[in-house]
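Visitor: Got a minute to walk me through this one? I'd like to start with how things pack.

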Amino acid sequence: MDYRRRRLSERLRGQLWLAASVGLTVIVQTTLLPTVFNAHLNLVLLAVVCWTLLADVAKGAAIAMYGGLLIDVVGYSPFGSHALALLLVAWLCSLAAERFPPDTWPTSLLLSIGATPLYHLITQMFRGGTDDWLSWAIVVLVPAMIINAIGVLPTFLVLQWWNERQIRH
Amino acid sequence: MLNRSGNAQRATKLIIWLACIVVVLLLLDQQGVLTPVTASTARFLTPVTRTLTNIRLAISDTFGGIFGSSQAAQDLAAMQQRVTELENENLQLRSAAAENATLRRTAGMRERYGWRTVIGNVVSRSADAGNRVISIDRGTADGLAVGMPVVSHVNGSPDALIGLVDTVSQHNATVLLITDARSVVSGQVLAQVANEQEGGSISQPMGDVLGQWQLGSRLIMRHIDREAKFKVGDDVLTAGISKALAFDAPAARIPPDVPIGRVSAIRPDGHGQQADIEPYFDPDVVRTVWIIVGED
C-alpha cells in the first residue's frame, strides 16, 4: 500500500515537472523566439516528435496535451485545437517508431518534416482554411518545415542526452 | 509506460482516448463553459509573457541599431520622431482636404482624428507562423469590444492601423493583424490627381483591403473602380463604410481615415483594378498599441 502510494506520488510529481517544463517551452516559443524567414521554431512540436521517439507515445501524448492546451490559452485559439493537432503528431510518430529505428536522428528529421504539414493543416482547418492552399503551402508551410528540420537535430541530441542521463540514474 | 515493441494498438487507443477528451474540451469551449478558466490562466501569465515579449523586441531593436554610434542613433531617433509628426500632420491635412470636397456638399465639416484610445501592450504572438495574431493586455474591463481598430507606429511612420480586435476577454484580447488572410477592411486611396481645370484635386477611390501574408504578400486592395485614377505611392486610409452606413456589425467600429499603408503596385482585376499595399511598418514589431474605443 505504502509502495503504491509512493509510486503514485512519484508519477504525479513527474507529470507536474513535465507540465511545468512544457509550459515554459510554450512561453519561450510564443514570446522569445525570433521570426526567421517568416517562420519561427515550433519547440513544442519538436518536443512531441523527439520524446515520442526517445521514450514512448505516452510521454509524447502528455507533452501534446499540456503544450497544445497552453498554446490555445496563450493564443486564444479554440481550446483543444493545438492539442488535437499535436496528439495526431504523437500518433504519427508512434506508428513511425514501429517501422524505423526510433532513437536515431534521421528518423526524427524525417518525422519533423512530415509532422509539420499535418500540424499546420489541422490548425489551419480550425481557422477556417484558406482560398489558396498552394500559396499558403509556399509561404507558411515550407519555411516552417525548413526551420523545424534545422531545429530538430540539436533538440533531438539534447533530449537524447537527457533521456540517457535519466535512465542511468 | 508503454513498451514500444508491437504496441501500436495501445498507442492508438491512448491517442483516441485523449483525442476524445480534447473534442469534449473543444465543445465546452464553443459553449463558453471554459472561458473563465482560460481567461484567468491567460491573465495570470500576462506579466511573464509581456516581459519576455518586450525582451525579444528590445533585443531586435538593439541588433537593428548595433552598427550606429549612440549619438547617431539618438539623432536618428529624433529625426524619426519628427518624421512621424510630419507624416501624421500631412495625412490629416490631405485627408481633410479630400473629405472637404465631398462633405461640404453633404454633411459639412467634421473634426478629424478625434479618436478616444486605450493604450495597451503586446503580450505574445501566435505559437505558429501560420497565424498573424497578437495578444494584448487590455480587455472588456478597459472598454474593448470585438472589431475595434488597433493602431500603432514605429520610428518614422504615421499612426497606422495594425489590426482589429478579434477576441476579447475581461482583461485580455487578441488582435487579428491586417496582414492576416482573414482580415478585410474597407479602404480608400488618397489619390492626388492632376486636373487641368481645377489645378489638381484629391480623389478617393474605394475598395476592400485584404490581408495577404499567408499568400505571399502583405496587403491587397480589390474591387477598385476601373476608371479610378491613382498612382504608386498614394496613401491608403480606412473608408469606414460600415460605420457610415450605421451597420450593427463589428466592422462598424472602424472609423474612416485611419492610415493603412501606401500603394506599391497597380494592375487590372476583372472589371476593376487592384493594388498592392505596403503597410507603413511590419505590425509584428510593435510593442505598444492604441485601441480606438470611440470618437469624440
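Guide: Sure. One term before we start: contact here means heavy atoms within 4.5 Å. And keep in mind that this is a predicted model.

Visitor: Okay, so what covers the buried residues of helix 5 of chain A?

Guide: The cover includes helix 2 (43-54), helix 3 (57-75), helix 4 (81-99) and helix 6 (133-168) of chain A. Among the residues of helix 5 that are buried are Leu111(A), Ala115(A), Pro117(A), Tyr119(A) and Ile122(A).

Visitor: How far does that helix reach from its first C-alpha to its last?

Guide: Helix 5 covers residues 105-126 of chain A and reaches 31 Å, close to the 32 Å expected. After the helix comes Gly128(A), with a positive phi near 95 degrees.

Visitor: Which residues have the most contacts inside the largest nonpolar core?

Guide: Leu87(A) and Val89(A), in a core of 66 residues. Elements of both chains give two or more residues to that core, including helix 5 of chain A and helix 1 (8-30) and helix 2 (35-64) of chain B. Helix 3 of chain A supplies the largest share, 11 residues.

Visitor: And what is Leu87(A) in contact with, leaving aside neighbours within four places in sequence?

Guide: On the chain A side, Ala61(A), Ala64(A) and Met65(A). From chain B there are Ile15(B), Leu18(B), Ala19(B) and Val22(B).

Visitor: Switching to the interface, how much area is buried between chain B and chain A?

Guide: About 4200 Å², with carbon and sulfur atoms giving 68% of that. In terms of residues, 48 from chain B are in contact with 54 from chain A.

Visitor: How many salt bridges cross it?

Guide: Zero by the rule used. Over all chains, though, the whole structure has eight.

Visitor: Where does Arg262(B) lie, and what does its salt bridge tie together?

Guide: Arg262(B) pairs with Asp235(B), the closest N and O atoms being 3.2 Å apart. Arg262(B) is in strand 11 and Asp235(B) in strand 10 of chain B, so the bridge ties together parts 27 residues apart in sequence.

Visitor: Is Asp235(B) buried or exposed?

Guide: Buried, at 3% relative accessible area. Arg262(B) is partly exposed, at 30%.

Visitor: Which residues are joined into one network by shared partners?

Guide: Arg50(B), Asp137(B) and Arg138(B).

Visitor: Last one: what does the secondary structure of chain B come to?

Guide: Four helices and 13 strands. Of its 296 residues, 47% count as buried.

How values were computed:
Residues are numbered from 1 along each chain as its sequence is written. Chains are lettered from A and ligands numbered from 1 in the order in which they are written. This is a predicted model: local features need pLDDT of at least 70, side-chain atom pairs count only at pLDDT 80 or more; totals for chains, interfaces and linings use all residues. Side-chain values use heavy atoms; hydrogens and water are left out. The expected span of a helix is 1.5 Å times one less than its number of residues. Buried means under 20% relative accessible area, exposed over 50%, partly exposed in between (1.4 Å probe, protein chains only). A nonpolar core is a set of buried Ala, Val, Leu, Ile, Met, Phe, Trp, Tyr and Cys residues joined through side-chain atoms within 4.5 Å. Buried area is the accessible area (1.4 Å probe) that two parts lose on being put together, summed over both. A salt bridge is a side-chain nitrogen of Lys or Arg within 4 Å of a carboxyl oxygen of Asp or Glu.
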